[in-house]
Amino acid sequence: APHSALVVLDEPFNALDTDAVEQVSGLLQEQLAAGATLIYTSHHALLPAAVGGHELRLGEAEAAAEER
């Protein structure tokens, strides 16, 4: 069976204008459509909906643990 790609990116949308965000989102959509797994970090609350997926908020988990 063919292996799927794993794409790991650190802040791929940082310092990009709207057009560049759309271009990067399109490239990532192509990778996802081809079966790739995408992992990326971001400090932005609003990320391109086109990328989709599941979100893991580490800061919130740490804050919840500190409250206990």
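**Exercise 1. Is Ala 34 buried or exposed, and at what relative accessibility?**

Solution. The model is predicted, so that local features need pLDDT of at least 70 and side-chain atom pairs count only at pLDDT 80 or more, while totals for chains, interfaces and linings use all residues. Residues are numbered from 1 along each chain as its sequence is written, and side-chain values use heavy atoms, with hydrogens and water left out. Begin with the position: Ala 34 sits in the loop between α1 and β2, where helices (H or I, at least four residues) and strands (E, at least two) are DSSP runs numbered from the N terminus. Next, apply the classes, in which buried means under 20% relative accessible area, exposed over 50%, and partly exposed in between (1.4 Å probe, protein chains only). Ala 34 counts as exposed because its relative accessibility is 68%. Finally, the C-alpha atoms of Ala 34 and Ser 4 are separated by 8.0 Å, although these residues are 30 apart along the chain.

**Exercise 2. Describe the order of the secondary structure elements and the way in which the strands are joined.**

Solution. The chain contains two helices and two strands, which follow one another along the sequence in the pattern β-α-β-α. Strands β1 and β2 (residues 37–41) run parallel and are joined by five bridges, where pairing requires that DSSP find at least two bridges between two strands. One of the partnerships links Asp 10 with Thr 41 in β2. Together with helix α1 (residues 18–33), the strands β1 and β2 make a right-handed β-α-β unit; right-handed here says that, with the strands pointing away from the viewer, the path from the first strand over the helix to the second runs clockwise.

**Exercise 3. Compare the surroundings of Glu 11 and Ala 15, starting from their backbone angles.**

Solution. Most residues other than glycine have a negative phi. Glu 11, which is not a glycine, has a positive phi of about 55 degrees, and Ala 15, likewise not a glycine, has a positive phi of about 65 degrees. Glu 11 belongs to the loop between β1 and α1, and Ala 15 is also found in the loop between β1 and α1. Their accessibility classes, however, are not alike: Glu 11 is buried because its relative accessible area is 17%, whereas Ala 15 counts as exposed because its relative accessibility is 77%.

**Exercise 4. Locate a nonpolar surface patch, and then place Arg 57.**

Solution. Leu 6 lies in strand β1 (residues 6–10) and is exposed because its relative accessible area is 56%. Leu 6, Val 8 and Ile 39 form a nonpolar patch on the surface, with about 310 Å² of accessible area together. Such patches are made of residues with over 30% relative accessible area and no salt bridge, with nonpolar side chains (Val, Leu, Ile, Met, Phe, Trp, Tyr) joined within 5 Å and like charges within 9 Å; a salt bridge is a side-chain nitrogen of Lys or Arg within 4 Å of a carboxyl oxygen of Asp or Glu. Accessible areas come from the Shrake-Rupley method with a 1.4 Å probe, and for residues only the protein chains shown count as cover. Arg 57, in turn, lies in the loop between β2 and α2 (58–67) and is partly exposed, with a relative accessible area of 45%.
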